[in-house]
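Hi everyone, thanks for making time this morning. I'd like to talk about charged side chains and how they pair up.

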Amino acid sequence: MNESETRAEKIDPLLKAAGWGVVEGSRILREYNINRGRIEGAGRRGKSLTADYVLVYRNTKLAVVEAKADSEAVTEGLAQAKNYASKLQIRFAYSTNGDGIYGMDMLEAKEGDVSTYPGPQELWDRTFGAANEWRDRFARVPFEDKNGTHPSRYYQDLAVERVLQAITDKRDRILLTLATGTGKTFIAFQIAWKLFKSRWNLSGKATRQPRVLFLADRNILADQAYNAFSAFPENALVRITPDAIKKAAQVPTNGSVFFTIFQTLVGGEEGGNGEQYYTQYPADFFDIIIIDECHRGGANDESSWRDILEYFSPAVQLGLTATPKRKDNVDTYAYFGDPVYIYSLKDGINDGFLTPFRVKQVTTTLDEYVYTSDDTVIEGEVEAGKRYQEEDFNKIIIIKEREKKRVELLMSQINQHEKTIVFCANQEHALAIRDLVSQSHTTGIANYCQRVTANDGELGEAHLRAFQDNEKTTPVILTTSQKLSTGVDARNVRNIVLLRPVNSMIEFKQIIGRGTRLYDGKDYFTIYDFVKAHNHFSDPEWDGEPEQPVGCPDCGFDPCACPKTPTQPCKTCGQLPCQCPPEPCEECGLLECDCRRTRKAKVKLADGKERTIQHMVATSFWHADGRPMSAAQFLESLFGKLPGFFSDESQLRKIWSDPITRKRLLVGLGEKGFGSEELSAMQQIINAEKSDLYDVLAYVAFASQTRLRVDRSSQARRAVSAVYKARQKEFLEYVLDQYENQGVEELETDKLSKLIALKYNNSLADGIEDLGGDVDQIRSMFIEFQAHLYAPAEAI
């Protein structure tokens, strides 16, 4: 029997006999897709991981079964079964050929032949041991998958299970670390759904449904979550807003799942600060608080966020973050503890749930600036001799010509119809870049570029919503400073542009996350790096497990537990702590110095300098884990290996120089998955749109340097001038014009008649006569001259 027959006639009956699919609450997932396969370009993906059987009981995956034909050895599928079980973090794995069963206990590392499959209850007991009331109640609640139209991913299941297990174990501070774009809000919804349906609450008794607070730091994140929780009864969801509180003269209490931002709870809008509304709630009002993007300050000792969390300390507090433990978020991990589950950027890309990327590093001769007297200081003061660097531009010095040049470079590099986010130094810079983009694009779209920053208020939010809506084509480009670095779900972003330094690894990964979301036809996205932020890629902390704690050298604790107040009286006032009044700035006279903001230097470059700004664009490619890779490796990761139709460049050149053998090669490549669409995509990735497809193949296969079509054409023109007669030369030069403009397709033999007719005013007969009258000779000439296009450069 083949494998399909073995499964139907031998394996399925044995599973049924063991109770799978028969016992209430048990299911068999057949051909279960664990992941989607890494994106490989042109709509293709790598091979996905697919388990033949996953055995489910009480909505919990308990075992993997890998099947082989009965002619195979019983352990032939064992390696696959172990791999799938490891990926799904399932304890039991089985390999079978229908006649025998070989089992593996992944926890105890025991394996061997077994006579029958264990039944659902037996496998449950072996997995979990002693009974647990809340674990069993949680398990009885299935995921809310919108009637099967929105199934969860394997890592989302695991994240939910780990959090619920932590709640069962009575942990009150829990952390999930999952890469941006992997569905943290979906996971939060499923956790809340299971708690709601099982009637869990802090009392430990299923007497009422829980009160859940979803806490964010921006209204758009709270609104996105509110919409994502739409499966709950309408009267269960409550959006806490300042207007609603003021209208009712009190905070809302009737509901089950509440959504708000930290700023509202302290009495204002985003960035506001006023009455502490959260104190109107009893400290034990909420059973669980879900803190979105908790790395952004929710656990920072100096933050008002921390005050809110400490006020509601009786609640279970679940932090959601996309950033592994780093030096600049150590307080978050100290507050919540180690994550109960981690799913990294690398995992997401390799599983095919996130989009790969490339980096274009753009440098100019004005990345640094030293004032010279022929430049004009329009406003403020310039420090003579100072070398202004990236962190100074648009903060203490503004040079409009520099920004204009960067925008011109950007617009020449991108497809101007692709959605793009540009990160700028501050709101003023974002406004200037918006204006420059609006002045330089060539699309004819009126609302092409918009700024979205804190100052743009509701209008900015409207622009962002339109940008996120994939049914709308405008705006195409958004400029921002900080606002869009996290939590914005815009799936069709193709370009991320960095026009300001990114000094935090955490922020860098968050910004990259704006482009990783999947979208149909999106094979990769591009980071345009004008500020050398790509240096973060070589950081060994790019991805991986959280760092081990490093204790303070003084107290030994992580985080440091040393006293934060001085232990000696102030030498000036004699008080502890110091009671000296703050001193105003010597320059501006203000307690909070305002010099840098109000006295920015604006410089106009001397006439001619703007025209001499030079630039260089270098494209680099990176593994998801931060290791550099060649363009050929990147292309291979997207498209797979080129089939072996040629062994070296000399053979490729010979094949390509003849349109007949070239066409056979292209047909063969197309049959192996490298058709015109794929080759065109490769051409774009390596910036070879103006090169021949030959150069793409030679570059990928042999790392040969690409050449422009115009250079190949110049080479061929010299040969044509030396070899052919005047009439033939005139015609072949016309052919080369078409080749330069259109590409190698113009050199196919079936284009010859059309080329002759076009050259001779739509008269094919006149053309044939002018070229000597012998059709076979004309055709031979057309074929033979092409060898000059592909001759090695040194042969010129």
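What follows is a quick walk through some salt bridges in this structure, and please keep in mind that it is a predicted model.

Let's begin with the overall count. Searching the whole structure turns up 38 salt bridges.

Here is one pair to look at together. D287 and R208 form a salt bridge, and their closest N and O atoms are 2.9 Å apart. What does this pair tie together? D287 sits in the loop between α9 (262-265) and β13 (288-291), while R208 sits in the loop between α6 (184-198) and β10 (212-216), so the salt bridge ties together parts that are 79 residues apart in sequence. Now, are these two partners buried or exposed? D287 is buried, with a relative accessible area of 0%, whereas R208 counts as partly exposed at 26%.

Next, please find E740 and R717. They form a salt bridge as well, with the closest N and O atoms 3.0 Å apart. This pair links distant parts of the chain: E740 belongs to helix α24 (residues 726-742) and R717 to helix α23 (residues 709-723), with their positions 23 residues apart in the numbering. E740 is partly exposed, at a relative accessible area of 23%.

A third pair is K751 with E746, whose side chains meet in a salt bridge at 3.2 Å, N to O. Here E746 is buried, because its relative accessible area is 14% and the cut-off for buried is under 20%.

Last, a group rather than a pair. Which residues are linked in a network of salt bridges? They are D367, E390, R402, E403, R406 and K532.

That's my tour, and I'm happy to take questions!

Terms used:
Residues are numbered from 1 along each chain as its sequence is written. This is a predicted model: local features need pLDDT of at least 70, side-chain atom pairs count only at pLDDT 80 or more; totals for chains, interfaces and linings use all residues. Side-chain values use heavy atoms; hydrogens and water are left out. A salt bridge is a side-chain nitrogen of Lys or Arg within 4 Å of a carboxyl oxygen of Asp or Glu. Helices (H or I, at least four residues) and strands (E, at least two) are DSSP runs, numbered from the N terminus. Buried means under 20% relative accessible area, exposed over 50%, partly exposed in between (1.4 Å probe, protein chains only).
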